[in-house]
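Colleague: Could you walk me through the terms you use for this model? I'd like to see how each label is earned.

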Amino acid sequence: MGPLRNAYLDALGIDRWIPRNSPPEVAIPEVAAAATSPALPRADAPAPTSSPSTWTPHPPTDDWGVLRERVAGCTACAELCRTRTQTVFGVGNTRAEWLVIGEAPGAEEDRQGEPFVGRAGQLLNAMLLAIGLPRETVFIANVLKCRPPGNRDPKPAEVSNCLPYLSNQIALLGPKILLAVGRIAAQNLLATDAPLARLRGKLHHFGEANTPLVVTYHPAYLLRTPSDKRKAWEDLKFARATYSRVIGGSST
Ligand code: URA
């Protein structure tokens with residue numbers, strides 16, 4: 001393990017003590033049999049009845065530039081488009097095999113127009129690098145593309161207005177694995193209200209492509225609750241092992 005990765009494990013608060021005769025590094029939790037998620041609403045589905053506006057989603061596009069412009073000009077949620085500085089589309093490699101999905105932009109993301117650039121973002125970068133994924137090798141997006149004022153939770157109507165954009169991003173990217181960080185992302189992707197503790201530690205699948213989906217804690221939560229960093233590390237190793245299995249490689 002290189003010194004850089006060690007430094008990131010230290011940032012995660014993970015001891016690098018390796019016992020003699022240690023078992024293989026990655027234990028694969030049981031696969032959740034019934035954890036297949038429904039597909040996100042299609043971008044050309046009728047507007048949700050709970051929509052705060054009469055906004056109708058666009059049909060899906062196969063052009064990243066068109067999608068980016070649609071998001072930038074979105075006026076679906078009256079409050080969010082009034083209070084945002086700008087939309088936060090997502091960032092990363094459009095050929096990435098990993099898609100990391102968070103909740104919504106915070107204040108810093110709203111200012112800079114990029115997801116996960118604040119303190120939580122620095123920890124997310126550390127978490128990804130600890131499993132060998134520099135930030136620029138993945139794609140990072142949020143369920144909501146606008147910052148909810150005061151960092152309140154997204155409202156259900158806002159989520160249903162915005163999910164077609166994420167759905168389109170997933171279709172364009174065709175990721176090999178999804179990593180949902182935090183309760184809001186996990187619950188909305190899996191269409192469940194189960195607590196995060198019941199969603200992490202098992203393999204889910206998402207959408208028509210049956211893409212593997214792994215859930216872990218939100219880095220902002222881990223900053224407040226460092227005692228759960230060890231569980232997050234187990235999740236990350238599980239995600240890495242799942243990815244390795246999907247691409248047909250080894251699990252280490
Ligand atoms: N939290 C999120 O869920 N997403 C961001 O982009 C920043 C903080």
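Modeller: The space taken by the ligand is the largest pocket. This is a predicted model, where local features need pLDDT of at least 70, side-chain atom pairs count only at pLDDT 80 or more, and totals for chains, interfaces and linings use all residues. Residues are numbered from 1 along each chain as its sequence is written, and side-chain values use heavy atoms, with hydrogens and water left out.

Colleague: Which residues are around the ligand?

Modeller: Gly-102, Glu-103, Ala-104, Glu-109, Pro-115, Phe-116, Asn-142 and His-218.

Colleague: What makes the pair of His-218 and the ligand a polar contact?

Modeller: A polar contact is a pair of N or O atoms within 3.5 Å (within protein, one must be able to donate a hydrogen and the other to accept it, and residues adjacent in sequence count only if both atoms are side-chain atoms). A polar side-chain atom of His-218 lies 2.8 Å from a ligand oxygen, so the pair qualifies. For Asn-142, a polar side-chain atom is 2.8 Å from a ligand nitrogen.

Colleague: Why is Lys-155 with Glu-79 called a salt bridge?

Modeller: The rule asks for a side-chain nitrogen of Lys or Arg within 4 Å of a carboxyl oxygen of Asp or Glu. Here the closest N and O atoms are 3.5 Å apart, so the pair counts. By this rule there are 10 salt bridges.

Key
Near = heavy atom within 4 Å. 1 Å grid on protein atoms, 1.4 Å probe; cavity = no way out; pocket = protein on both sides within 12 Å on 5 of 7 lines; lining within 4 Å. Sits in = over half its atoms within 2 Å of the grid points.
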